[in-house]
Amino acid sequence: MKHAPVLIANRGEIATRVARTCRALGFPVVGIYSEVDQFAEHLRYCDQSYCVGPASPKESYLNVERVIEVARKSGAKYVHPGYGFLSERPHFVEACEKAGLIFVGPSAESMRLMGDKIQARATVDRLKVPRVPGSAGAVKNAEEAKHFAREIGYPILLKATAGGGGKGMRRVDSEVEMISAFEGASREALGAFGDGSMYVEKLILEPHHVEIQVFGDGKGDAIHLGERECSIQRRHQKVWEESPAPILEKFQKTREAMYEAAVRVAKSVKYASAGTFEFIVDGQGNFYFLEMNTRLQVEHPVTEWVTGVDLVEWQLLLAAGKFALPKTPERRGNAIEVRLYAEDPHNFLPAPGPLGAIQMPQGAFVRADSAFTDAGEVSLHYDPMIAKISVWGGTREQAIDRLRVALDETRVQPPRRADGTAQGSLRTNLSFLKRLVRNGTVRGGNTTTDLIARHPELTQNSSVTSNPSAADSLTWEAAVGVCLAQFLRDSSPQDRSTKNDSSHGVRFASPWVLTARREGVRE
Ligand code: ADP
């Protein structure tokens, strides 16, 4: 079937992911890019693409006027925002409507009611959904924060009202720490969001992060599509997401109550499209609302694995007026996703840079949502996520085993000089992910949000490949051996000498051959 074009107001893996479903359904795709993204991978999936400005997101991917102008010029009818950038900005939704475009997502009104953290707390209070105890809205200053902290008891968490990505968050254990913590967190929030206002929440100890995927028809009906547990986090940011949630296996009543609460709120705000209710669950099975994300979530593939639903397909069909909300789909088996980032695997600081070559895992029940298929650049201007790797298994153990193999197959390499040494600043968290998938506590399923802090061996300064498990080293040595043998067989002696000389611009038979033994050192 032929539809009108969809403009994808995003970049990276999510732009590619949305484009694939558009193409499958017969929606032509309009892409946008900034000046530094003119060769970006996502543009390969677009029928037309337009530059929207310089590298700085403010001037390009966040430039509402420019994005709308491109939509008009290209003949697009729909705008899919992906996640991040303009995806949760009600004024963008309104700008689309004003320009006669259909925003693929919720209405500006329900975005305001649920997307704004403080407003959302008021909405769920009204609907009697439990939330973390704390101030109803922003506190004026450290003194007022102290007042709330005394009421709910220490430790507390100071959080930025404009927060996102775990920024502007500080744990405070006693009153003497409050003033400096408040000032520090507020300064960080002001820098990150242009808004330094803070609110106070009780710190839930050894918490689990569990979220409910919902889908609404915009007319007052909504369903849930099960949960995801995203407790394994660094710097309050998710790195491993799975469904079903291990913590809920022993709290079936909690699970049902969370589904019911999420659907009730979604219905009451006439929520349209995909959305996620985030909760904290404690060790006793109590749950507390944290926030709602009024968009498609990074970790949505986990839900797609266990439900068999293409969430982007549902979003597009709803926007096109061709969707009838079904019953909650059955969920089958276990899915896990990990996020491969360009970051230091020891302190998790971003480490973007040029990418020489990449190899994503393949095989049964493995999915790779990657921003790259070959050489490129992990830009310092944007989120340093390289790819999401997800797997499905009939049981959690099977999913973990498949993920282990998938991660062992994954390769990310910086460019190499002619002498084989690495060039540029790119590092990845691949070695960290390989340790995580082998960790006993992770396998056991007791994944509280402080797991990484409780397991310093996950971030210690020795790489998996320099201290490999038997299986790891076997695969590795075998792969190197096969590649090398193949290379020697396939090339004449003369070839071999020229292939080693980058000044001839000749590509190696396999980028892994000469660099294999060094991998792991800079992961
Ligand atoms: P952001 O919007 O910045 O991502 P969230 O409110 O979603 O912030 O919280 C991010 C993470 O921080 C949660 O997943 C959880 O791990 C931790 N967190 C947030 N609030 C609390 C709390 N009250 N107690 C314990 N941990 C919390």
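**Exercise 1. Identify the strands of the predicted model that helix α8 lies across, and place them in their sheet.**

Solution. The model is a predicted one.

Step 1. Helix α8 spans residues 252-268 and lies across β9, β10 (222-234), β12 (272-281) and β13. Its direction makes an angle of about 115 degrees with β10.

Step 2. These strands belong to an open sheet of eight strands, whose order is β13-β12-β9-β10-β11-β14-β19-β17. The pairing in this sheet is antiparallel.

Step 3. The edges are held by β13 (287-293) and β17 (366-370); each has a single partner strand, so one side of each is left without a neighbour in the sheet. On average, neighbouring strands are turned by 25 degrees against each other, direction ignored.

Step 4. Helix α1 (residues 12-25) lies across β17 and β19 (385-393). Its angle to β17 is about 115 degrees.

**Exercise 2. Determine how many bridges join β11 and β14, and which residue stands opposite Ser 243.**

Solution.

Step 1. Strand β14 covers residues 334-341, and its antiparallel pairing with β11 extends over four bridges.

Step 2. The residue of β14 opposite Ser 243 is Ala 335.

**Exercise 3. Establish which parts of the chain are tied together by the salt bridges of Lys 238 with Glu 211 and of Arg 396 with Glu 242, and classify the four residues by accessibility.**

Solution.

Step 1. The side chains of Lys 238 and Glu 211 form a salt bridge with an N to O distance of 3.0 Å. Lys 238 is in strand β11 (residues 237-243) and Glu 211 in strand β9 (residues 208-217), so the bridge ties together parts that are 27 residues apart in sequence.

Step 2. The cut-off for a buried residue is a relative accessible area under 20%. Lys 238, at 11% relative accessibility, is therefore buried, and Glu 211, at 0%, is buried as well.

Step 3. In the salt bridge between Arg 396 and Glu 242, the closest N and O atoms are 2.6 Å apart. Arg 396 belongs to helix α11 (residues 396-409) and Glu 242 to strand β11, so this pair ties together parts that are 154 residues apart in sequence.

Step 4. Arg 396 has a relative accessible area of 10% and is buried; Glu 242 is buried at 1%.

Step 5. One network, built from salt bridges that share partners, joins Glu 211, Arg 228, Lys 238, Glu 241, Glu 278, Glu 299 and Arg 339.

**Exercise 4. Decide whether Arg 171 and Asp 173 are buried or exposed, or in between, and state how their side chains meet.**

Solution.

Step 1. The two side chains meet in a salt bridge, at 3.0 Å from N to O.

Step 2. The class between buried and exposed lies between 20% and 50% relative accessible area. Arg 171, with 45%, is partly exposed; Asp 173, with 37%, is partly exposed too.

Step 3. For context, the whole structure contains 38 salt bridges, and 56% of the 523 residues of the chain count as buried.

**Exercise 5. Describe the sheet that contains β6 and the helices that lie across β6 and β8.**

Solution.

Step 1. The sheet is open and has three strands, in the order β7-β6-β8, with antiparallel pairing. The edge strands β7 (170-172) and β8 (198-202) each pair on one side only. Neighbouring strands are turned by 30 degrees against each other on average, direction ignored.

Step 2. Strand β6 (residues 156-160) pairs with β8 in the antiparallel sense over five bridges. Lys 159 stands opposite Tyr 199 in β8.

Step 3. Helix α5 (residues 117-126) lies across β6 and β8, at about 45 degrees to β8. Helix α6 (residues 142-152) also lies across β6 and β8, at about 10 degrees to β8.

**Exercise 6. Classify the packing of helices α3 and α4, and list the residues of the contact.**

Solution.

Step 1. Helix α3 (residues 90-98) and helix α4 (residues 108-115) pack at an angle of about 180 degrees, and their axes are 8 Å apart.

Step 2. An angle over 145 degrees counts as roughly antiparallel. The helices α3 and α4 are therefore roughly antiparallel to each other.

Step 3. Pro 90, His 91, Val 93 and Glu 94 of α3 make the contact with Ala 108, Met 111 and Arg 112 of α4. By type, the contact residues divide into four nonpolar, one polar and two charged.

Definitions and conventions. Residues are numbered from 1 along each chain as its sequence is written. This is a predicted model: local features need pLDDT of at least 70, side-chain atom pairs count only at pLDDT 80 or more; totals for chains, interfaces and linings use all residues. Side-chain values use heavy atoms; hydrogens and water are left out. Two strands pair if DSSP finds at least two bridges between them. Helices (H or I, at least four residues) and strands (E, at least two) are DSSP runs, numbered from the N terminus. Axes are lines fitted to C-alpha atoms, for helices over the stretch in contact, and angles run from 0 to 180 degrees between N-to-C directions. Contact means heavy atoms within 4.5 Å. Buried means under 20% relative accessible area, exposed over 50%, partly exposed in between (1.4 Å probe, protein chains only). Angles under 35 degrees count as roughly parallel, over 145 as roughly antiparallel, 65 to 115 as roughly perpendicular and the rest as oblique. Ala, Val, Leu, Ile, Met, Phe, Trp, Tyr, Cys and Pro count as nonpolar, Asp, Glu, Lys and Arg as charged, and the others, Gly among them, as polar.
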